[in-house]
Amino acid sequence: MKRIFFSAFLFFSIVLLSQPSPAAELSGRVFSKGAPVANLTVAVKGTETKTKTGPKGEYKLDLPPGNHTLIIRGEEFPVKVESDKTSHDIQL
């Protein structure tokens, strides 16, 4: 009986731990010389994830928690995305 209980516990632990991390939403605004910049491409280096800044320089990306590098018009900005951080403004 102990063996069955232990096997079931081990199976469900592996299933729960192997679930992918939930995506975190990262949003913010891109500024240059204090003014918001529209129509810039904000991409995540090494992925297909990208978006364009809106009229007020705003952007929004869904990313897994971790370290990422954002590319904006060829510029690279190292960004660390944490599960409790959901906003990151950028000054060019």
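**View 1. Thr-53, a buried threonine in a loop.** Thr-53 has a relative accessible area of just 3%, so it counts as buried. The residue sits in the loop between β4 and β5, and what you're looking at here, as in every view below, is a predicted model. Follow the side chain of Thr-53 and you get to the backbone oxygen of Val-37, 2.9 Å away. A polar atom of that same side chain also lies 2.9 Å from the backbone nitrogen of Asn-39. Skipping neighbours within four places in sequence, the contacts of Thr-53 include Ala-38, Leu-40 and Val-42, along with Val-30, Glu-58 and Tyr-59.

**View 2. Two loop residues with positive phi, Lys-33 and Asn-39.** Most residues other than glycine have a negative phi. Lys-33 goes the other way, with phi near 55°, and Asn-39 does too, with phi near 60°. Lys-33 belongs to the loop between β1 and β2, while Asn-39 is in the loop between β2 and β3. Is Lys-33 buried or exposed? With 81% relative accessibility, Lys-33 counts as exposed. Asn-39 comes in at 55%, so it counts as exposed as well. Asn-39 is also the residue whose backbone nitrogen lies 2.9 Å from a polar side-chain atom of Thr-53.

**View 3. Strand β5, with its two faces.** Look along β5, residues 58–63, and the side chains alternate. Tyr-59, Leu-61 and Leu-63 point to one face and are buried. Glu-58, Lys-60 and Asp-62 point to the other face and are not buried. Which strand pairs with β5 over six bridges? That's β1 (residues 24–32), and the pairing is antiparallel. For a landmark, find Lys-60 in β5 and look for Ser-27 opposite.

**View 4. The largest nonpolar core.** In soluble globular proteins, nonpolar side chains tend to be buried together. Here the largest nonpolar core has 15 residues. Leu-26, Val-30, Val-42, Tyr-59, Leu-61 and Leu-70 are the ones that touch the most other members. At least two core residues each come from β1, β3 (41–44), β5, β6 and β7 (75–81). Zoom in on Tyr-59 and, setting aside neighbours within four places in sequence, you'll find contacts with Leu-26, Val-30, Val-42 and Leu-70, among others. The list for Tyr-59 also includes Thr-51, Thr-53, His-88 and Ile-90.

**View 5. His-68 in strand β6.** His-68 lies in β6, which covers residues 66–72. Its relative accessibility is 15%, and since buried means under 20%, His-68 counts as buried. What does the side chain of His-68 have 2.8 Å from one of its polar atoms? The backbone oxygen of Pro-64.

**View 6. The whole chain, and where to go easy on the details.** Stepping back, the chain has one helix and eight strands, with the helix coming before the strands from the N terminus on. Of its 92 residues, 25% count as buried. The accessible surface comes to about 6800 Å², with 59% belonging to carbon and sulfur atoms. Among contacts with a separation of 6 or more, 53% join residues 24 or more positions apart. The mean pLDDT is 78, and 71% of the residues score at least 70. Among the elements, helix α1 (residues 2–17) has the lowest mean pLDDT, 54, while strand β4 (residues 50–52) has the highest, 95. Where pLDDT is low, the predicted coordinates should not be read in detail.

Notes:
Residues are numbered from 1 along each chain as its sequence is written. This is a predicted model: local features need pLDDT of at least 70, side-chain atom pairs count only at pLDDT 80 or more; totals for chains, interfaces and linings use all residues. Side-chain values use heavy atoms; hydrogens and water are left out. Buried means under 20% relative accessible area, exposed over 50%, partly exposed in between (1.4 Å probe, protein chains only). Helices (H or I, at least four residues) and strands (E, at least two) are DSSP runs, numbered from the N terminus. Two strands pair if DSSP finds at least two bridges between them. A polar contact is a pair of N or O atoms within 3.5 Å; within protein, one must be able to donate a hydrogen and the other to accept it, and residues adjacent in sequence count only if both atoms are side-chain atoms. A nonpolar core is a set of buried Ala, Val, Leu, Ile, Met, Phe, Trp, Tyr and Cys residues joined through side-chain atoms within 4.5 Å. Contact means heavy atoms within 4.5 Å. Accessible areas come from the Shrake-Rupley method with a 1.4 Å probe; for residues, only the protein chains shown count as cover. pLDDT is the predictor's confidence in each residue, from 0 to 100.
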